Amino acid sequence: MDNQPVRITVVGGGSWATAIIKILSENNVNIRWWLRNEADANHIKKFHHNPGYLSDVRISPRKVRVCTRIRDAFRQSEYVILAVPAAFIADALSPLTAKDFAGKCVISAIKGMIPDNNQLVTDWVTDQYGVPADHVAVIAGPCHAEEVALEKQSYLTIGSAGPDSAGAVAGLLTCRFVQASPLDDIYGIEYSAVMKNIIALACGITHGLGYGDNFQAVLVSNAMQEIKRFVDAVYPKHRDLSGSAYLGDLLVTAYSPFSRNRTFGNLIGRGYTIQSAQAEMKMIAEGYYAVKSIHEMNRQYGVSMPITEAVYQILYEGASPVAEMNELKGKLK
Ligand SMILES: NC(=O)C1=CN([C@@H]2O[C@H](COP(=O)(O)OP(=O)(O)OC[C@H]3O[C@@H](n4cnc5c(N)ncnc54)[C@H](OP(=O)(O)O)[C@@H]3O)[C@@H](O)[C@H]2O)C=CC1
Ligand SMILES: O=C(CO)COP(=O)(O)O
(Lines give C-alpha, C1' and ligand atoms only; values in the text may rest on other atoms or scores of the structure.)
(Ligands and ions follow the chains in the order given, each with its own letter.)
Protein backbone atom coordinates (compact mmCIF):
# COMPACT_ATOMS: atom_id res chain seq x y z
CA MET A 1 0.00 0.00 0.00
CA ASP A 2 1.17 3.51 -0.85
CA ASN A 3 1.83 5.39 2.38
CA GLN A 4 3.04 8.60 0.80
CA PRO A 5 1.28 11.67 2.24
CA VAL A 6 -1.22 13.35 -0.11
CA ARG A 7 0.16 16.70 -1.27
CA ILE A 8 -2.33 19.54 -0.91
CA THR A 9 -2.18 23.31 -1.46
CA VAL A 10 -4.55 25.45 0.61
CA VAL A 11 -5.12 29.03 -0.60
CA GLY A 12 -6.35 31.59 1.96
CA GLY A 13 -5.47 32.67 5.45
CA GLY A 14 -8.94 33.18 6.96
CA SER A 15 -11.11 31.12 9.26
CA TRP A 16 -12.28 28.52 6.74
CA ALA A 17 -8.78 27.88 5.41
CA THR A 18 -7.52 27.46 8.98
CA ALA A 19 -10.36 25.04 9.82
CA ILE A 20 -9.78 23.02 6.64
CA ILE A 21 -6.11 22.71 7.51
CA LYS A 22 -7.07 21.41 10.94
CA ILE A 23 -9.34 18.76 9.35
CA LEU A 24 -6.80 17.72 6.70
CA SER A 25 -4.02 17.51 9.29
CA GLU A 26 -5.87 14.63 10.98
CA ASN A 27 -4.97 12.56 7.88
CA ASN A 28 -1.78 11.57 6.07
CA VAL A 29 -1.13 14.83 4.23
CA ASN A 30 1.56 17.25 3.31
CA ILE A 31 0.11 20.77 3.07
CA ARG A 32 1.49 23.91 1.50
CA TRP A 33 -0.52 26.80 2.88
CA TRP A 34 -0.58 30.14 1.06
CA LEU A 35 -1.61 33.28 2.84
CA ARG A 36 -1.03 36.81 1.68
CA ASN A 37 0.17 38.35 4.91
CA GLU A 38 3.90 37.95 5.58
CA ALA A 39 3.65 38.83 9.28
CA ASP A 40 0.89 36.24 9.82
CA ALA A 41 2.93 33.62 7.92
CA ASN A 42 5.98 34.30 10.11
CA HIS A 43 3.84 34.09 13.24
CA ILE A 44 2.49 30.69 12.17
CA LYS A 45 6.00 29.41 11.42
CA LYS A 46 7.21 30.51 14.85
CA PHE A 47 4.22 29.87 17.12
CA HIS A 48 2.15 27.31 15.12
CA HIS A 49 -1.11 29.27 15.37
CA ASN A 50 -2.83 31.66 12.94
CA PRO A 51 -2.86 34.98 14.82
CA GLY A 52 -5.82 36.43 12.90
CA TYR A 53 -8.33 33.58 12.76
CA LEU A 54 -9.16 30.57 14.97
CA SER A 55 -5.99 31.25 16.88
CA ASP A 56 -6.58 28.27 19.23
CA VAL A 57 -6.04 25.83 16.36
CA ARG A 58 -2.55 24.31 16.42
CA ILE A 59 -0.87 24.15 13.03
CA SER A 60 1.41 21.13 12.83
CA PRO A 61 4.82 22.16 11.42
CA ARG A 62 5.35 18.51 10.45
CA LYS A 63 2.37 18.58 8.09
CA VAL A 64 2.02 22.22 7.09
CA ARG A 65 4.49 24.45 5.29
CA VAL A 66 3.47 28.12 5.12
CA CYS A 67 4.22 30.18 1.97
CA THR A 68 3.49 33.74 0.91
CA ARG A 69 4.52 33.14 -2.72
CA ILE A 70 1.64 31.38 -4.40
CA ARG A 71 3.83 29.58 -6.97
CA ASP A 72 5.76 27.94 -4.14
CA ALA A 73 2.50 26.79 -2.60
CA PHE A 74 1.42 25.17 -5.89
CA ARG A 75 4.62 23.26 -6.48
CA GLN A 76 4.12 19.47 -6.60
CA SER A 77 0.62 19.37 -5.09
CA GLU A 78 -2.05 16.95 -6.28
CA TYR A 79 -4.97 18.90 -4.81
CA VAL A 80 -5.59 22.64 -4.50
CA ILE A 81 -8.22 23.92 -2.08
CA LEU A 82 -9.41 27.51 -2.62
CA ALA A 83 -10.62 29.27 0.53
CA VAL A 84 -10.37 33.02 -0.13
CA PRO A 85 -13.65 34.99 -0.47
CA ALA A 86 -14.78 34.99 -4.12
CA ALA A 87 -14.23 38.72 -4.57
CA PHE A 88 -10.49 38.26 -3.91
CA ILE A 89 -9.69 34.90 -5.49
CA ALA A 90 -8.70 36.36 -8.89
CA ASP A 91 -6.25 38.66 -7.15
CA ALA A 92 -4.85 35.83 -5.02
CA LEU A 93 -4.25 33.55 -8.04
CA SER A 94 -3.15 36.31 -10.43
CA PRO A 95 0.56 35.27 -10.56
CA LEU A 96 -0.43 31.78 -11.85
CA THR A 97 -1.02 30.38 -15.32
CA ALA A 98 -2.76 27.25 -16.64
CA LYS A 99 0.59 25.45 -16.39
CA ASP A 100 0.58 25.82 -12.60
CA PHE A 101 -2.76 23.98 -12.44
CA ALA A 102 -1.86 21.16 -14.83
CA GLY A 103 -2.78 17.73 -13.46
CA LYS A 104 -4.20 19.07 -10.20
CA CYS A 105 -7.66 18.58 -8.79
CA VAL A 106 -9.05 22.00 -7.77
CA ILE A 107 -11.57 22.16 -4.93
CA SER A 108 -13.48 25.31 -4.17
CA ALA A 109 -14.40 25.85 -0.52
CA ILE A 110 -15.73 29.28 -1.52
CA LYS A 111 -19.45 30.03 -1.11
CA GLY A 112 -19.58 33.06 -3.35
CA MET A 113 -19.48 34.17 -6.98
CA ILE A 114 -16.88 36.00 -9.04
CA PRO A 115 -18.36 39.52 -8.90
CA ASP A 116 -16.91 40.80 -12.21
CA ASN A 117 -18.84 38.36 -14.37
CA ASN A 118 -21.26 36.63 -11.95
CA GLN A 119 -19.58 33.27 -12.50
CA LEU A 120 -19.42 30.31 -10.16
CA VAL A 121 -15.89 29.80 -8.86
CA THR A 122 -15.66 26.30 -10.37
CA ASP A 123 -16.62 27.59 -13.85
CA TRP A 124 -14.18 30.45 -13.47
CA VAL A 125 -11.33 28.07 -12.59
CA THR A 126 -12.09 26.00 -15.68
CA ASP A 127 -12.30 29.06 -17.96
CA GLN A 128 -9.35 30.91 -16.49
CA TYR A 129 -6.88 28.08 -15.90
CA GLY A 130 -8.11 25.31 -18.19
CA VAL A 131 -8.80 22.87 -15.33
CA PRO A 132 -10.98 20.09 -16.80
CA ALA A 133 -14.48 19.86 -15.31
CA ASP A 134 -13.79 16.36 -13.95
CA HIS A 135 -10.85 17.79 -11.95
CA VAL A 136 -13.00 20.35 -10.15
CA ALA A 137 -14.97 19.88 -6.92
CA VAL A 138 -16.65 21.92 -4.19
CA ILE A 139 -16.74 21.62 -0.41
CA ALA A 140 -20.24 22.28 0.90
CA GLY A 141 -22.44 21.50 3.87
CA PRO A 142 -23.42 23.11 7.14
CA CYS A 143 -20.07 23.64 8.78
CA HIS A 144 -18.81 26.70 10.61
CA ALA A 145 -15.06 27.03 11.02
CA GLU A 146 -15.50 27.95 14.67
CA GLU A 147 -17.12 24.57 15.46
CA VAL A 148 -14.42 22.69 13.55
CA ALA A 149 -11.89 24.47 15.78
CA LEU A 150 -13.77 23.05 18.78
CA GLU A 151 -13.87 19.58 17.19
CA LYS A 152 -17.67 19.53 17.26
CA GLN A 153 -19.10 16.75 15.08
CA SER A 154 -19.71 18.19 11.60
CA TYR A 155 -20.66 17.00 8.10
CA LEU A 156 -19.43 18.10 4.69
CA THR A 157 -20.64 17.31 1.20
CA ILE A 158 -18.17 17.15 -1.66
CA GLY A 159 -19.73 18.00 -4.99
CA SER A 160 -18.17 17.11 -8.30
CA ALA A 161 -19.16 16.20 -11.81
CA GLY A 162 -17.31 12.89 -11.53
CA PRO A 163 -18.04 10.74 -8.43
CA ASP A 164 -14.45 9.43 -8.31
CA SER A 165 -12.81 12.76 -7.50
CA ALA A 166 -15.56 13.65 -4.98
CA GLY A 167 -14.99 10.31 -3.21
CA ALA A 168 -11.25 10.89 -2.97
CA VAL A 169 -11.71 14.44 -1.65
CA ALA A 170 -14.34 13.22 0.85
CA GLY A 171 -11.76 10.74 2.13
CA LEU A 172 -9.23 13.53 2.72
CA LEU A 173 -11.80 15.59 4.66
CA THR A 174 -13.16 12.81 6.84
CA CYS A 175 -11.66 12.61 10.30
CA ARG A 176 -12.50 12.05 13.98
CA PHE A 177 -15.02 14.92 14.03
CA VAL A 178 -15.96 15.43 10.36
CA GLN A 179 -17.81 13.08 8.04
CA ALA A 180 -17.62 14.06 4.37
CA SER A 181 -19.71 12.43 1.62
CA PRO A 182 -19.70 12.79 -2.16
CA LEU A 183 -22.63 14.10 -4.24
CA ASP A 184 -22.87 14.56 -8.02
CA ASP A 185 -24.73 17.91 -8.07
CA ILE A 186 -21.85 20.36 -8.17
CA TYR A 187 -23.82 23.32 -9.61
CA GLY A 188 -26.89 22.77 -7.44
CA ILE A 189 -24.72 22.66 -4.33
CA GLU A 190 -22.68 25.66 -5.35
CA TYR A 191 -25.67 27.88 -6.16
CA SER A 192 -27.49 26.81 -3.00
CA ALA A 193 -24.42 27.66 -0.93
CA VAL A 194 -24.22 31.11 -2.55
CA MET A 195 -27.93 31.77 -2.03
CA LYS A 196 -28.17 30.66 1.59
CA ASN A 197 -25.75 33.47 2.42
CA ILE A 198 -28.23 35.99 0.99
CA ILE A 199 -31.02 34.42 3.04
CA ALA A 200 -28.85 34.60 6.17
CA LEU A 201 -28.45 38.32 5.51
CA ALA A 202 -32.25 38.61 5.40
CA CYS A 203 -32.52 36.65 8.67
CA GLY A 204 -29.98 38.94 10.29
CA ILE A 205 -31.70 42.08 9.02
CA THR A 206 -35.10 40.98 10.32
CA HIS A 207 -33.61 39.88 13.64
CA GLY A 208 -31.93 43.28 13.94
CA LEU A 209 -35.28 44.94 13.24
CA GLY A 210 -36.90 42.99 16.09
CA TYR A 211 -38.77 40.26 14.18
CA GLY A 212 -39.10 37.04 16.18
CA ASP A 213 -38.65 33.30 15.70
CA ASN A 214 -42.17 32.87 14.26
CA PHE A 215 -41.35 35.21 11.40
CA GLN A 216 -37.89 33.73 10.93
CA ALA A 217 -39.31 30.21 10.48
CA VAL A 218 -41.61 31.45 7.72
CA LEU A 219 -38.78 33.43 6.14
CA VAL A 220 -36.53 30.36 6.04
CA SER A 221 -39.25 28.07 4.62
CA ASN A 222 -40.04 30.60 1.90
CA ALA A 223 -36.31 30.94 1.29
CA MET A 224 -35.98 27.21 0.61
CA GLN A 225 -38.67 27.52 -2.08
CA GLU A 226 -36.93 30.58 -3.49
CA ILE A 227 -33.61 28.73 -3.69
CA LYS A 228 -35.30 25.78 -5.38
CA ARG A 229 -36.99 27.98 -7.99
CA PHE A 230 -33.72 29.66 -8.87
CA VAL A 231 -31.46 26.60 -8.87
CA ASP A 232 -33.98 24.58 -10.91
CA ALA A 233 -34.21 27.45 -13.45
CA VAL A 234 -30.44 27.84 -13.80
CA TYR A 235 -29.47 24.18 -13.65
CA PRO A 236 -32.44 21.81 -13.92
CA LYS A 237 -31.78 18.40 -12.41
CA HIS A 238 -33.61 16.07 -10.08
CA ARG A 239 -32.31 16.97 -6.61
CA ASP A 240 -33.54 16.59 -3.05
CA LEU A 241 -33.10 20.00 -1.45
CA SER A 242 -33.87 18.60 2.00
CA GLY A 243 -30.30 17.20 2.06
CA SER A 244 -27.77 18.73 4.43
CA ALA A 245 -25.74 20.42 1.65
CA TYR A 246 -28.85 22.48 0.80
CA LEU A 247 -31.35 22.77 3.67
CA GLY A 248 -28.76 21.99 6.35
CA ASP A 249 -26.46 24.77 5.19
CA LEU A 250 -29.38 27.20 4.93
CA LEU A 251 -30.42 26.39 8.52
CA VAL A 252 -26.97 26.69 10.09
CA THR A 253 -26.25 29.97 8.35
CA ALA A 254 -29.69 31.44 9.04
CA TYR A 255 -29.66 30.60 12.75
CA SER A 256 -26.07 30.34 13.98
CA PRO A 257 -24.48 33.24 15.86
CA PHE A 258 -21.22 32.20 14.14
CA SER A 259 -22.59 33.15 10.73
CA ARG A 260 -20.80 36.07 9.15
CA ASN A 261 -23.76 36.76 6.86
CA ARG A 262 -26.35 36.72 9.63
CA THR A 263 -24.14 38.96 11.78
CA PHE A 264 -23.67 41.44 8.93
CA GLY A 265 -27.44 41.50 8.27
CA ASN A 266 -28.15 41.97 11.97
CA LEU A 267 -25.95 45.07 12.02
CA ILE A 268 -27.79 46.47 8.98
CA GLY A 269 -31.15 45.78 10.66
CA ARG A 270 -29.93 47.61 13.74
CA GLY A 271 -29.21 50.70 11.68
CA TYR A 272 -25.51 50.39 10.76
CA THR A 273 -24.50 51.67 7.34
CA ILE A 274 -22.86 49.15 5.01
CA GLN A 275 -19.45 50.75 5.59
CA SER A 276 -19.81 50.71 9.37
CA ALA A 277 -21.06 47.09 9.36
CA GLN A 278 -18.07 46.06 7.22
CA ALA A 279 -15.71 47.92 9.52
CA GLU A 280 -17.29 46.31 12.60
CA MET A 281 -16.78 42.80 11.22
CA LYS A 282 -13.25 41.63 10.60
CA MET A 283 -14.54 38.79 8.45
CA ILE A 284 -16.17 38.77 5.03
CA ALA A 285 -19.91 38.23 4.44
CA GLU A 286 -20.03 36.64 0.96
CA GLY A 287 -23.76 37.33 0.64
CA TYR A 288 -23.07 41.04 0.33
CA TYR A 289 -21.37 40.45 -3.04
CA ALA A 290 -23.51 37.47 -4.06
CA VAL A 291 -26.83 39.28 -3.84
CA LYS A 292 -25.70 41.64 -6.61
CA SER A 293 -24.58 38.73 -8.80
CA ILE A 294 -27.80 36.76 -8.30
CA HIS A 295 -29.93 39.89 -8.84
CA GLU A 296 -28.11 40.56 -12.13
CA MET A 297 -28.31 36.92 -13.24
CA ASN A 298 -32.01 36.84 -12.52
CA ARG A 299 -32.64 39.50 -15.18
CA GLN A 300 -32.18 36.59 -17.59
CA TYR A 301 -34.20 33.98 -15.64
CA GLY A 302 -37.01 36.11 -14.19
CA VAL A 303 -37.51 33.82 -11.20
CA SER A 304 -39.70 35.17 -8.38
CA MET A 305 -37.23 35.88 -5.54
CA PRO A 306 -38.80 38.38 -3.12
CA ILE A 307 -36.29 37.74 -0.29
CA THR A 308 -33.22 38.13 -2.49
CA GLU A 309 -34.76 41.23 -4.07
CA ALA A 310 -35.46 42.81 -0.66
CA VAL A 311 -31.84 42.24 0.43
CA TYR A 312 -30.58 43.67 -2.87
CA GLN A 313 -32.74 46.79 -2.50
CA ILE A 314 -31.45 47.36 1.05
CA LEU A 315 -27.76 46.77 0.30
CA TYR A 316 -27.45 48.31 -3.16
CA GLU A 317 -30.36 50.69 -3.73
CA GLY A 318 -30.42 52.43 -0.37
CA ALA A 319 -33.89 51.10 0.52
CA SER A 320 -34.91 51.33 4.16
CA PRO A 321 -34.71 47.93 5.91
CA VAL A 322 -37.94 48.72 7.78
CA ALA A 323 -39.90 49.56 4.63
CA GLU A 324 -38.40 46.73 2.57
CA MET A 325 -39.14 44.05 5.19
CA ASN A 326 -42.63 45.48 5.68
CA GLU A 327 -43.25 44.94 1.99
CA LEU A 328 -41.70 41.44 2.11
CA LYS A 329 -44.03 40.52 5.00
CA GLY A 330 -47.01 40.57 2.66
CA LYS A 331 -45.29 38.30 0.13
CA LEU A 332 -44.54 35.39 2.50
CA LYS A 333 -46.91 32.57 3.41
N1 LIG B 1 -15.88 30.61 7.89
C2 LIG B 1 -16.65 29.55 7.68
O3 LIG B 1 -17.15 28.91 8.61
C4 LIG B 1 -16.91 29.11 6.29
C5 LIG B 1 -16.53 29.86 5.21
N6 LIG B 1 -16.78 29.41 3.94
C7 LIG B 1 -16.35 30.17 2.78
O8 LIG B 1 -14.93 30.27 2.78
C9 LIG B 1 -14.53 31.43 2.06
C10 LIG B 1 -13.50 32.17 2.91
O11 LIG B 1 -14.20 32.68 4.03
P12 LIG B 1 -13.59 32.83 5.48
O13 LIG B 1 -12.37 32.04 5.65
O14 LIG B 1 -14.72 32.62 6.41
O15 LIG B 1 -13.23 34.36 5.45
P16 LIG B 1 -12.57 35.22 6.58
O17 LIG B 1 -13.35 36.49 6.63
O18 LIG B 1 -12.37 34.43 7.82
O19 LIG B 1 -11.12 35.49 5.97
C20 LIG B 1 -11.00 36.27 4.82
C21 LIG B 1 -9.70 35.92 4.14
O22 LIG B 1 -9.68 36.66 2.93
C23 LIG B 1 -8.46 37.38 2.87
N24 LIG B 1 -8.64 38.63 2.15
C25 LIG B 1 -9.35 39.72 2.52
N26 LIG B 1 -9.25 40.66 1.59
C27 LIG B 1 -8.45 40.16 0.63
C28 LIG B 1 -7.93 40.67 -0.59
N29 LIG B 1 -8.25 41.91 -1.01
N30 LIG B 1 -7.13 39.88 -1.33
C31 LIG B 1 -6.81 38.63 -0.91
N32 LIG B 1 -7.26 38.10 0.24
C33 LIG B 1 -8.06 38.87 0.99
C34 LIG B 1 -8.12 37.64 4.32
O35 LIG B 1 -6.74 37.94 4.40
P36 LIG B 1 -6.18 38.87 5.58
O37 LIG B 1 -6.40 38.10 6.84
O38 LIG B 1 -4.78 39.05 5.21
O39 LIG B 1 -7.01 40.14 5.53
C40 LIG B 1 -8.47 36.31 4.93
O41 LIG B 1 -7.47 35.36 4.68
C42 LIG B 1 -15.82 32.22 1.80
O43 LIG B 1 -16.23 32.00 0.49
C44 LIG B 1 -16.83 31.61 2.76
O45 LIG B 1 -18.16 31.69 2.28
C46 LIG B 1 -17.41 28.21 3.71
C47 LIG B 1 -17.80 27.44 4.75
C48 LIG B 1 -17.58 27.81 6.12
O1 LIG C 1 -21.15 28.50 5.01
C2 LIG C 1 -21.05 28.61 6.20
C3 LIG C 1 -21.46 27.54 7.13
O4 LIG C 1 -21.79 26.36 6.45
C5 LIG C 1 -20.51 29.87 6.76
O6 LIG C 1 -21.44 30.89 6.62
P7 LIG C 1 -21.04 32.36 7.06
O8 LIG C 1 -20.03 32.84 6.04
O9 LIG C 1 -22.29 33.16 7.06
O10 LIG C 1 -20.43 32.28 8.42
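Begin by selecting ligand 2 together with its shell: in this predicted model, domain 1 (6-184) and domain 2 (188-329) each contribute at least three residues to that shell. Colouring the two domains separately will display both contributions.

Next, show the side chains around ligand 2. The shell holds 14 residues, and P142, T253, S259, R260 and N261 are the closest. By residue class, five are nonpolar, five polar and four charged.

Now turn on the secondary structure. Helices α9, α11 (244-255) and α12 (260-269) each provide at least two residues of the shell around ligand 2. Of these, α11 gives the largest share, with three residues.

For the following stop, select the positions that the unreviewed UniProt entry lists under "binding site": K111, G141, K196, D249, S259, R260 and N261. Two lysines from this list merit individual inspection.

Centre on K196 in helix α9 (residues 186-209). Is K196 buried or exposed? K196 is buried, because 32 other C-beta atoms lie within 10 Å, and 20 or more suffice for that class. Beyond the four places on either side in sequence, K196 is in contact with D249, L250 and T253. Of these contacts, D249 also appears in the UniProt list, while T253 is among the residues closest to ligand 2.

Finish at K111, located in the loop that runs between β5 (105-108) and β6 (113-114). K111 likewise counts as buried, since it has 26 C-beta neighbours inside 10 Å. Select A193, V194, N197 and E286 to see the contacts of K111 outside its neighbours within four places in sequence.

Notes. Residues are numbered from 1 along each chain as its sequence is written. Chains are lettered from A and ligands numbered from 1 in the order in which they are written. This is a predicted model: local features need pLDDT of at least 70, side-chain atom pairs count only at pLDDT 80 or more; totals for chains, interfaces and linings use all residues. UniProt positions are given in the numbering used here, feature names are shortened, and annotations may be inferred rather than shown by experiment. Helices (H or I, at least four residues) and strands (E, at least two) are DSSP runs, numbered from the N terminus. A residue is buried if 20 or more other C-beta atoms lie within 10 Å of its own, exposed if 12 or fewer, and partly exposed in between; C-beta atoms are placed from the backbone. Two residues are in contact if their C-beta atoms, placed from the backbone, lie within 7 Å. A residue is near a molecule or strand if its C-beta atom, placed from the backbone, lies within 6 Å of it. Ala, Val, Leu, Ile, Met, Phe, Trp, Tyr, Cys and Pro count as nonpolar, Asp, Glu, Lys and Arg as charged, and the others, Gly among them, as polar. Domain bounds come from an automatic or database domain assignment.
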